[in-house]
Amino acid sequence: MTPSLSAEENRMYNKMWHQTQEALGALLDKEPQKMIEPQRNQVFIFQTLATFYVKYVQIFRNLENVYDQFVHPQKRILIRKVLDGVMGRILELKNEMVELELTEFHYFDDILQDLKLAPQQLDIPIPKYFLKEKLEVIKGREKILAQILADSGIDTSDMKYPVKSIPFDEAVKLIQIAERARQGRLRALFMKQIYLQEYRAKQSKMLGKKVTDTWAAALRIQKVWRRFHQRKETEKLREEEMIFLGMNPPPLFNEVSATVIQAEKVDRLRNEVQIKHEEDYREALVTIKNDLKLIEGVDIKENLQDQIRHWFIECRNLTGTFPDYPDVEEGGSAIIFSDKTIQQEEDEKWKMSPSLFLPAMKEGCNAYKEIWMKKDESWNFSQDYDPELIKEEKRKELQSEIRIQVDELMRQELKNLKLAVDRERERPVKAGKKKDKKKGKKGKKKEKKAKKDKDLTADRTIESLYKELVEEGLLIQALKVNLSDYIGEYSYLGTTLRQVSIEPMPSLLDVRQLITLYGIWPLGSAAVHEKAPLVKSLLLAGPSGVGKKMLVHAICTETGANLFNLSSSNIAGKYPGKNGLQMMLHAVFKVARQLQPSVVWIEDTEKTFYKKVPNAEKMNEPKRLKKHLPQILKLLKPDDRILIVGTTRRPFDAELQSFCKVYQKIILVPRPDYASRYVLWKQIIERNGGVLTSALNVSCLAKVTDGFTQGHIVEVVKGVLTDQRIRRQIHKPLTAVEFITAITSMNPVYKEEEESFKNWYAKTPLGKKRALAITGGSTEKAKDKGKRK
């Protein structure tokens, strides 16, 4: 199986890895030099941060590709460590840029131009290992969820594709109408054929003889054919010219080629080889350690004993007495022979916060230089594990285990030496009262903490709680939606607008990147979530139809997370009373922690923070969670991969202060701009079976539909592209008028509504700071004002 993977591919990805590691090493050497001197010029600071951010993104893209393609298990372990470090560093730089510019959205046009990069290269990919490494767990969980829903009588297909039921009599009547229409069409066709036959017979009788002027008939046919042939040739030449100019895609552009099919087969084969090599590596860790224990264990024990005895004698000769043996807590005899290095502590005046990921990346780079940089792997064609590296690792591990046993023996031997040579006796140690007092205080603190963290469902299993939450509709099945399905385009005017002090609306691609950084990366990687700037809650605010719900489902799909629905409409009437609410929240977050990653979704979250509850909704108690959400956020720890996501289309109805306390990050999801609409129309038409031709002016569609959302476009395309219309495309190509006619009955998002969202956002803490900075106030004053409020 392994030889099917070509040696050329291995060399190519090895070369990519070496180049990426060199770029990362150069970046790690350069970063402290750039950041060590504090700068007053904010433009220079942002340019420096943004340059590092863009370069780290390029390194991450290459490393993620290499990690996905490598089959060598030990290389993958090292790359994974560096990959997590790069992810964390990108999140740290993003956090610094947000604090500096006081906005979630940044534009890097000038930096991309300097680095000669396309805007698409700034798109942040989602690591494939998020799902690959827990695919079996996700599939098993989906089966259990589907089984519970089936047993409960909840049909998920009805939720996804709602179908209206009609009475039996009406159904029979519809079938009869359709059948009569079919028979009528066949009868009409048959009568048309009879009529034509009779007409031809009548014409032949009237003429009485065949046409004798065959020359004139042949000439007429030639003229018609030549005209038809020349028209086709002209159309072909025009099409070739458009393809050459890049205005039209080449033929068979959207069809899957044989090369792509072969690449998919190789990818599946590579995944199988990766799994096999990792299994072999895990088995080798055990077998090689056992072999080392049998072969070298006795020698290691004797060498350790000889070293310790030599230390006894040296100390006796130097001081005149035998030394005290180090305690187990201090590390035993390992502390005696550890290499002591001088730690140079420098007071570096960093402009930004200290990084928690730079040490891990530097450690990974050093390991690469020491082990893999100049390693000869000509013998390892199949890229299987390296037994010598395992021996080095397990030899150290075995030495540590044997040292514990040797320490016990040598402590006793030292006691015997002291008694025999120095005639010393061990003095009994008296227990102090202070220690008991400390223990008593700690015990009281633990008791208080235990009371606070009382488990309300200690007598129940996670499986039973999981089933109960599914049956109550609080744990729902996420739709299979990838983040790449959220179609958008890069904002090309962001930098230009900011230069003239105009705050641009973010593009859909900017929103997609923030969802990746704040939602998907931390939930997908436990190492990143524990050390990166912690984002516990996220708010998506925007008009109806811009894809807020889709983004929530995409986060779950890309990370394999559970989806809990705590919307006010969904929890209405469930778990009534104060105790019931407490039990519900306890059960939800207990299951969310045990089966993390998890997403807690609150749809129409403004209802939870209503300024004034409408009379029609008072019975549903929409503000049940208002007091509990801040408490829940405080209890979430860095190792809890749980994200609270709220979606709202009317944030103005909520109390702003309590609203912003709950949601750490607020993302405005705008209506699509022209570039995004152009891409949306093309892709959605093609995905629904439409064929793009020169008769369909997509640019006109994008221009005319200014103000309409993705939801509007999807609805219109599905309405126009019926099965019958798709079949007729060969004879009658699609035109823009068909879609424009269908969309005229819909209401767009007017500029006034968009402005209301911008005005609301300007009242949020980050919006206030940004507005103050734009109007002439310094960033420091803006930060201070935000902190006081």
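The exercises below concern a predicted model and treat its sheet, a helix pair and its nonpolar cores.

**Exercise 1. The sheet**

Give the order of the six strands in the open sheet and state which strands lie at its edges.

Solution. The order of the strands is β1-β3-β4-β5-β2-β6, with mixed pairing. β1 and β6 (665-668) are the edge strands, since each pairs on one side only. Helix α28 (residues 751-761) lies across β2 (537-541) and β6, and runs at about 160 degrees to β6.

**Exercise 2. Strand β3 and its partners**

Determine how β3 pairs with β1 and with β4, parallel or antiparallel, and name bridge partners.

Solution. Step one: strands pair through backbone hydrogen bonds in either a parallel or an antiparallel manner.

Step two: β1 (residues 475-476) and β3 run antiparallel and are joined by two bridges. Leu-563 in β3 is the bridge partner of Ile-476.

Step three: β3 and β4 (residues 598-603) run parallel, with four bridges between them. Here Phe-564 stands opposite Val-600, and Asn-565 has Trp-601 as its bridge partner.

**Exercise 3. Side chains of β3**

Sort the residues of β3 (residues 562-565) by the direction in which they point, and say whether they are buried or exposed.

Solution. In a regular strand, side chains alternate between the two faces of the sheet. In β3, Asn-562 and Phe-564 point one way, while Leu-563 and Asn-565 point the other way. All of these residues are buried.

**Exercise 4. Helices α20 and α21**

Classify the packing of α20 (residues 577-594) against α21 (residues 628-635) from their axes.

Solution. Step one: a packed helix pair is described by the angle and the distance between the axes.

Step two: the axes of α20 and α21 come within 12 Å and cross at roughly 30 degrees. The cut-off for roughly parallel is under 35 degrees, so α20 is roughly parallel to α21.

Step three: the crossing of α20 past α21 is right-handed. Leu-581, Leu-585, Phe-589 and Arg-593 in α20 meet His-628, Ile-632 and Leu-635 in α21.

**Exercise 5. The nonpolar cores**

How many residues has the largest nonpolar core, and which have the most contacts inside it?

Solution. The largest nonpolar core has 149 residues, and Tyr-56 and Trp-681 have the most contacts inside it. Helix α2 (residues 42-69) supplies the largest share of this core, 14 residues. Leaving aside neighbours within four places in sequence, the contacts of Trp-681 include Val-698, Leu-701, Phe-739 and Ile-743. Apart from the largest core lies another core of 19 residues, among them Ala-284, Ile-390, Ile-402 and Val-406.

How values were computed:
Residues are numbered from 1 along each chain as its sequence is written. This is a predicted model: local features need pLDDT of at least 70, side-chain atom pairs count only at pLDDT 80 or more; totals for chains, interfaces and linings use all residues. Side-chain values use heavy atoms; hydrogens and water are left out. Buried means under 20% relative accessible area, exposed over 50%, partly exposed in between (1.4 Å probe, protein chains only). Two strands pair if DSSP finds at least two bridges between them. A nonpolar core is a set of buried Ala, Val, Leu, Ile, Met, Phe, Trp, Tyr and Cys residues joined through side-chain atoms within 4.5 Å. Contact means heavy atoms within 4.5 Å. Axes are lines fitted to C-alpha atoms, for helices over the stretch in contact, and angles run from 0 to 180 degrees between N-to-C directions. Angles under 35 degrees count as roughly parallel, over 145 as roughly antiparallel, 65 to 115 as roughly perpendicular and the rest as oblique. A crossing is left-handed if the near helix is turned anticlockwise from the far one by less than a right angle, and right-handed if clockwise.
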